[in-house]
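Biologist: I should be grateful for a close look at the largest cavity and at the parts of the chain that surround it. Please begin with the empty space itself and then work outward.

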Amino acid sequence: MSAGSGSAEQAAAFLTRNAVDALPEGALRRRLEEGRPLRVKLGIDPTAPDIHLGHTVILRKLREFQDLGHTVVLIVGDYTARVGDPSGRSAARPMLSGEEIDANAQTFRRQASIVLDPARTEVRHNGEWLDMKMEELFRLALTSTIAQLLERDDFARRYAARQPISILELLYPLLQGYDSVAVRADIELGGTDQKFNLLLARDIQQAYGLSPQSVLTMPILPGIDGVQRMSKSLANYVGVTEAPDEVFGKLMRVPDSAMSTYHELLLDAPLDRTRPAVESKRAMARVLTARLHGPEAARTAEEHFDRLHVQRAAPDEIEELVIAVKDGTVHLPALLREAFAVSASEGRRLLAAGGVRLDGEPLSADALDVPAAALDGSVLQLGRRRFRRLRLS
RNA sequence: GGCGGGAUGUCCGAGUGGUUAAAGGAGACCGGCUGUAAACCGGUUGGCUAUGCCUACGCAGGUUCGAAUCCUGCUCCCGCCA
């Protein structure tokens, strides 16, 4: 065995250590043995630009490729977003304008650079090649069959359940596959949910006379609910640009059942089960907050956390709310609406439930109008972690 | 083109003339316990300066003292046949 193939062997083992699938068997190692910078593709959806920790699992993997000298090709799905994917029930999925897509792509690029090396990243928009002539679309459509597409798990399920599947949806995997043709991808990464699409792209590349990409799928990071995948729309995500306090706090909410996955995927180290769970979680929150915001911010965030949840005190810095007073009294439901964007009706319910505090003392729902003078400088608190310091105008 | 089934709140899903702002579940939120974990217990879950008023069961009309429930038209979805 030559020295070259030996190191390719090592690199392949390193890159696949925490992956789910590396297909086909041995393909990645053979690619690496070619000794040239490989083109490693990731397709992104510009509809939800904010990157969260779930994305960083794959981005970190891409970074590993970059550190080995390879090129990352980020494909912004601007064309597909413009067409609008009518998947599932959410018929109202918005078709984004060109400006929105560009703005989202910019955001994504900026946030991705927290993890990726911009010098080894190529960003392409699939509108460059998908805005094709119908003749070319026909050629693409000829590469796959309905039976092939219906093998995809979610299509199969929906078909069996008599849920609608539009022709356009069936076309999406083909379009994604064509992206691989256009950028001549050597490797494509994705979550395990992308396995079908990534593999179909191989067939499509071959139909166009190219050598098929190899495929690397990464596990899906569960959200902070510990159950469903991390996703912005499920509101269980930790965004990479969120404030340090938020990042730390959210990570402390991760259920124990998800801790070992978090360790594997984000910390790249197994969870030490002999250690108390709280300690591991704290350490994790500290490391990840520091990764996004630096060690100093992580330390402050931890102090903030302790103050709020160990000492159960109000935080050092509280956003101020200046309130306008008309006749010397303040109507609490209206105040809550202004302070925390809850409806006045919801505010009343929260008051009745004892969820609203003023300087730590629960307010009652019996007196909805309170003298304004009693509020100036006080801290209004909703639930455990929403605070506003009140100021009279 | 023909025949049949369907559309209910954030989601799933009951409800076929009257205490229905709409059962039940999920999710979410508040409170308790705690480690902002899990499990568990209690509560809330359309809006509104509010012993009341307004808006809601695909859309538009109609019948009725009274409609998510009955009638007509329309839109959309699903299946079967062609």
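Modeller: The model is predicted, and in it the largest cavity holds about 60 Å³ of space. Two cavities of 30 Å³ or more are found in total. Rolling a probe the size of a water molecule over the atoms shows where empty space is left.

The lining of the largest cavity consists of Arg 17, Asn 18, Val 57, Arg 60, Lys 61, Glu 64, Met 218, Glu 264, Leu 265 and Asp 268. Helix 3 provides four residues, the largest share of this lining. Helix 3 and helix 13 (259-267) are the elements said to supply at least two residues each. Several charged side chains of the lining also pair with one another: among the 27 salt bridges found in the whole structure, those that share partners join Arg 17, Lys 61, Glu 64 and Asp 268 into one network. These four residues also appear in the list of residues that line the largest cavity.

Helix 3 leads from the cavity to the nonpolar interior. The largest nonpolar core has 53 residues, of which Leu 53, Leu 62, Leu 251 and Tyr 262 touch the most other members. Helix 3 (residues 53-67) gives six residues to this core, the largest share. Leu 62 can be followed in detail: leaving aside residues up to four places away in sequence, Leu 62 is in contact with Val 40, Leu 42, Val 72, Leu 116 and Leu 189.

Leu 189 in turn points to strand 5 (187-191), and the loop between helix 10 and this strand holds Asp 186. Asp 186 forms a salt bridge with Arg 36, with N and O 2.8 Å apart. Because Arg 36 sits in the loop between helix 2 (27-33) and strand 2 (39-44), the pair ties together parts that are 150 residues apart in sequence. Asp 186 counts as buried because its relative accessibility is 6%, whereas Arg 36, at 32%, is partly exposed.

Helix 10 (residues 167-183) comes before that loop. Its 17 residues should span 24 Å at 1.5 Å a residue, and the end C-alpha atoms lie 25 Å apart, so the two values agree. Helix 10 is mostly covered, with 13 of the 17 residues buried. Just after helix 10, Arg 184 adopts a positive phi of about 50°.

Some further backbone features deserve a check. Most residues other than glycine have a negative phi, and most peptide bonds are trans. Leu 23 and Pro 24 are joined by a cis peptide bond, with omega about -15°. Pro 24 is located in the loop between strand 1 (21-23) and helix 2. Ala 235, which is not a glycine, has a positive phi of about 55°. Ala 235 belongs to the loop between strand 6 (214-218) and helix 12, and its relative accessibility of 63% places it among exposed residues. Ala 341 also has a positive phi, near 60°. Ala 341 is found in the loop between helix 16 and helix 17 (344-352) and counts as exposed at 71% relative accessibility.

For comparison with the closed space, an open one may be described. The second largest pocket has a volume of about 830 Å³. Its lining comprises 26 residues, and those closest to its centre are Asp 245, Glu 246, His 304, Leu 308 and Arg 385. Helix 12 (244-252), helix 15, helix 16 (332-340) and strand 13 (386-392) each give two or more residues to the lining of this pocket. Helix 15 contributes the most, with eight residues.

Helix 15 also takes part in a salt bridge. Arg 286 and Glu 302 are paired, with their closest N and O atoms 2.8 Å apart. Arg 286 lies in helix 14 (residues 277-293) and Glu 302 in helix 15 (residues 295-310), 16 residues apart. Glu 302 is buried at 12% relative accessibility, while Arg 286 is partly exposed at 36%. Another salt bridge joins Arg 307 to Asp 316, with N and O 3.1 Å apart. Arg 307 is partly exposed, with a relative accessible area of 28%, and Asp 316 is exposed, with 64%.

To return to the request, the largest cavity draws the largest share of its lining from helix 3, and the largest nonpolar core likewise takes its largest share from helix 3.

Key:
Residues are numbered from 1 along each chain as its sequence is written. Chains are lettered from A and ligands numbered from 1 in the order in which they are written. This is a predicted model: local features need pLDDT of at least 70, side-chain atom pairs count only at pLDDT 80 or more; totals for chains, interfaces and linings use all residues. Side-chain values use heavy atoms; hydrogens and water are left out. A nonpolar core is a set of buried Ala, Val, Leu, Ile, Met, Phe, Trp, Tyr and Cys residues joined through side-chain atoms within 4.5 Å. Buried means under 20% relative accessible area, exposed over 50%, partly exposed in between (1.4 Å probe, protein chains only). Contact means heavy atoms within 4.5 Å. The expected span of a helix is 1.5 Å times one less than its number of residues. A salt bridge is a side-chain nitrogen of Lys or Arg within 4 Å of a carboxyl oxygen of Asp or Glu. On a 1 Å grid over the protein atoms alone, a cavity is a set of points where a 1.4 Å probe fits but cannot get out, and a pocket is an open set with protein on both sides within 12 Å along at least five of seven lines; lining residues have an atom within 4 Å of a point. Grid points are joined across faces, edges and corners, and a volume is the space filled by probe spheres set on the points.
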